[in-house]
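These are my notes from a session of looking things up in one model. I went entry by entry and wrote down what I found.

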Amino acid sequence: MEKHTPTCRRVCLTAACWLLVWIAGLLSVPAAEMHSKKAHAVIAGYLHAFPAYVEWPAPTNYTNTAPWSIGVLGDDVFGDSLMLACTNRPVKNRPFQLIRATSAQAVTTCDLVYFANQDAEIVKKQLAQFTGRPVLTIGETENFLEEGGIIRMEIGRRVQFSVNLDAAREAGLKIPAQMLQSASGIYENGHLRPAR
Amino acid sequence: MAGAVWLVSLANSGADPFTNTSSTDFGGLSLDQLANVRIDIASVRSRPMREQPGIVSVIQAEEIRQMGARDLADILQQVPGFGLGADVNGVVGSSFRGLWAYEGKLQLIVDGVEMNETLYGTTQLGHRLPADAIAEVEIIRGPGSAKYGGTAELAVVRVTTKGAEQNGGYGVLAPSFVSGKAGADATGGFGYTEGDWRVAANAYVGENFRSNRRYTALDGSSVDLTHNSDIASRMVNVGVGWKDLNVRAIYDLYRLEDRINFGIPLPLDEQISFETLALAANYDWQVNDWLIVTPNFSWKRQVPWTGGVPGSTFRTVTERYLAELSAVMSLSENVSLLTGLRFHYDHAQVTDARFYGLAPEEFYNGGTSDSVSYNTFSPYAQLDWDWDWANISVGGRYEYHTAVGGQWVPRLGITKTWDHLHMKALFDRAYRTPNINILNSPASSDATSEQTTSYQFEAGWRFHDGVSLVGNIFYIEIHDPIVYQTDAKMISEGYTNGRRIATCGTELELRYRHRKFSGALGYSLYALTRNGVSAWESGVSRLALGIPAHKVSASATWHILDNLLWNANATLTAEQRAYVFPNVDAISLPPTFLLNTFLEYRWHHASCGIGVANLLNSDSYIAQPFLGGAAPIPGKGREIYLKLGFEF
């Protein structure tokens, strides 16, 4: 049987010490909030992608080449990522314009509105102003769908979304089956069910 | 009350060409692709390119496709600082920033697996790693030893192949024609996601050749390479994922027909092959919302530098077992820490040493064994701190090799971004541990580790209309460089440590991106400021043997119609010094201008492209960047190629 050399023992000892220090380091680290920068960059990608799938009612106040307007209501959660996602990437031959506002009234004519406020009560009040309007409302608060929002983004290891079909119908928006296949959940007739 | 409103119209403004689309730009992806993007919790893993503590180039599939690139070497030709050089046996590799990086100083990683062979640490290029299978090439221009270990001494090239996010497949057939010879490449693959499962596969078969011109050795003898430099390349790459578990298998075969040998042409062709089979698995275990622990295991079996002429052949099988445990911690909103432990075991067994006139059991350990093994152990850490006035990245790696001892390499990076401007100041130490056959073979001597110190400074400006300009200056100094030297008849060969060598220089990149037109212009310059290696002397101060001091690269793509594009790309390299018959001393070869063009028409799921490489039929040479007894290998003449592709 091969004898352990002093060098081998030193390596093993060093490795064991380092492992102990490493584990101790892990255990002593305080908890911290999850970094959400990348999650919102992915959500920006979704905001750019949704118009390719969703069907709006026939246009009344704009032509087919009018820009898609995306309203961001509340905090600046996207940084540059929403602009990056939409720049020079027209969808259905229509470019994008971004509107950021602190008041719901300023974005009620947008095609899509993202509710960036984290306060569920404020979001609930803001959502009420979009009832019946052909606006794709998107948010991330826990009861966003129950309160009448159309798409709720869920941030975990990956970013997924659920769709409120009742609210979409009320807004006159058609969510195609292809989009529903990618959703993680569908809210219909007052119940949320897994989509896949 | 309307409240505060801002409005940005994005109809005509340019996209940010600075930004690494893989980390901050997710526009243009499908819903399925977006649903599969992993959200890392720490900026150690994902940052915009401008903020990364390194000088990084990212080239993605669409840009690769537009330029009509056929392999990794075509892509690297467009990157400032890189050049091609010749090793023995007609093998081609890369130089970087005036230094011969090919042997143990450039780390090539494919889908997380290091592809450098472990006998000498080399990376072969030219009709290897098909461009059509590549989703992204990330090039870290500068040392990466602190994060990636040895062989990342000067640069790291990370190739990511097309994966499960395709939710479909592709195939590309690329026949090529050059005066007197034809070649062909076939690449295909698919990738799908289904629930928590992901699967992707890419396969490649290439039958090509190095040159259709005549090689003239230093003794005046010559050989036509048209039918004596065939290159057969094969690759199968399969990845399977389930939730956060990833498993990867790669098979790569690169076989050359060689007549050049060590400089004086052989009477008959010999076959030299490099074979790699690798299996790797890792699991990203999210312990909680601030910690991800990733165990990583891999096994790699390689049979490099195998072949020779009958009666003078060589074959060694190497294996590497690697176990690594890393953790990414988000210590606060602004501080993240990457730390890890890596262990690998290297084993080499000779089965044929007739090239050296030896029996296998006489090859290692001073002629007493046919095998040898080493252990390497390395803890490493990197702390990223996003401070108000700058981002600080500090880290290092300690590596202990059972035959060589310990190496400690620290690094420090400071980056600062404003709206349009960014600046980076980087300090790195790096190293190269002598590889198996440098430590322990008849060719070895008493070579010890080499150490590198690098200082880099980068500044970049982002213009409003989609134009960006980035430039850097660098200084690299290698202490005790490991130097290979041989002669035209391979009467003797060996490795020694040279004295200090240093280069400094600059690199510039101008990029423009618009819906109809995009382009890039690159320039790189190096100068030797110190050369203590006689085998790399060119006879001209400030110029290394075989490596041009100046390189200009340019690429322009015009979207003529929505489905028709045209690309022209070119490289201009300054004179290079090389040994050429009948001169005794190195002489200057004239500057080289290579112009390539590619036209592609896309129709539904099909595409048809036609390209011409070396449109002007210019003379080009791949010179040896060390005193190795070989004359420059002539490059190919004008080559016409097709790319017939489909997607499903």
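**Entry 1: one asparagine and its surroundings**

I started with B:N435 and listed its contacts, leaving aside neighbours within four places in sequence: they are B:T118, B:L119, B:Y120 and B:G121. The model is a predicted one, which I keep in mind for every value below. I then placed B:N435 in the chain B loop that runs between β25 (421-432) and α5 (436-439). Is B:N435 buried or exposed? Its relative accessibility is 10%, and the cut-off for buried is under 20%, so B:N435 counts as buried. I also looked for side-chain partners and noted a polar contact of 3.0 Å between B:N435 and B:R432.

**Entry 2: strands in chain B**

Next I looked up the pairing of β22(B). Strand β21 (residues 335-352) and strand β22 (residues 371-386), both of chain B, are antiparallel and share 15 bridges. As one register point I took B:Y345, whose bridge partner in β22(B) is B:N375. β22(B) also pairs with strand β23 (residues 391-401) of chain B, again antiparallel, through 9 bridges. Here I recorded B:A381 with its bridge partner B:G396 in β23(B). The connection from β22(B) to β23(B) is a hairpin of 4 residues.

**Entry 3: nonpolar cores**

I asked which residues of the largest nonpolar core touch the most other members. The core has 78 residues, and the answer is B:L72, B:F82, B:V137 and B:V157. A second core, separate from this one, has 48 residues, among them A:A85, A:L98, A:L165 and A:A171. For background, nonpolar side chains in soluble globular proteins tend to be buried together.

I followed up B:F82. Beyond four places in sequence, its contacts include B:L76, B:L106, B:I139, B:A155 and B:V157. The list for B:F82 also has B:Q77, B:S94, B:S95, B:R141 and B:K551 among its entries.

**Entry 4: salt bridges**

How many salt bridges does a search of the whole structure find? The count over all chains is 31. I checked three of them.

The first I opened was A:R94 with A:D111, where the closest N and O atoms are 3.9 Å apart. This pair links distant parts of the chain, 17 residues apart: A:R94 is in the loop between α3 (81-86) and β2 (96-101) of chain A, and A:D111 is in the loop between β2 and β3 (112-115) of chain A. A:R94 and A:D111 are both buried.

Then I took B:E63 and B:R511, whose side chains form a salt bridge at 3.3 Å, N to O. B:E63 is in helix α2 (residues 61-66) of chain B and B:R511 is in strand β30 (residues 501-513) of chain B, so the salt bridge ties together parts 448 residues apart in sequence. B:E63 has a relative accessible area of 28% and is partly exposed. B:R511 is also partly exposed, at 21% relative accessibility. I traced the connections further: a network of salt bridges links B:E63, B:R97, B:R141, B:E507, B:E509 and B:R511.

Last came B:D346 and B:R320, with 2.7 Å between the closest N and O atoms of their salt bridge. B:D346 sits in strand β21 of chain B and B:R320 in strand β20 (residues 312-330) of chain B, so parts 26 residues apart in sequence are tied together by this pair. I noted both B:D346 and B:R320 as buried.

Key: Residues are numbered from 1 along each chain as its sequence is written. Chains are lettered from A and ligands numbered from 1 in the order in which they are written. This is a predicted model: local features need pLDDT of at least 70, side-chain atom pairs count only at pLDDT 80 or more; totals for chains, interfaces and linings use all residues. Side-chain values use heavy atoms; hydrogens and water are left out. Helices (H or I, at least four residues) and strands (E, at least two) are DSSP runs, numbered from the N terminus. Buried means under 20% relative accessible area, exposed over 50%, partly exposed in between (1.4 Å probe, protein chains only). A polar contact is a pair of N or O atoms within 3.5 Å; within protein, one must be able to donate a hydrogen and the other to accept it, and residues adjacent in sequence count only if both atoms are side-chain atoms. Contact means heavy atoms within 4.5 Å. Two strands pair if DSSP finds at least two bridges between them. A nonpolar core is a set of buried Ala, Val, Leu, Ile, Met, Phe, Trp, Tyr and Cys residues joined through side-chain atoms within 4.5 Å. A salt bridge is a side-chain nitrogen of Lys or Arg within 4 Å of a carboxyl oxygen of Asp or Glu.
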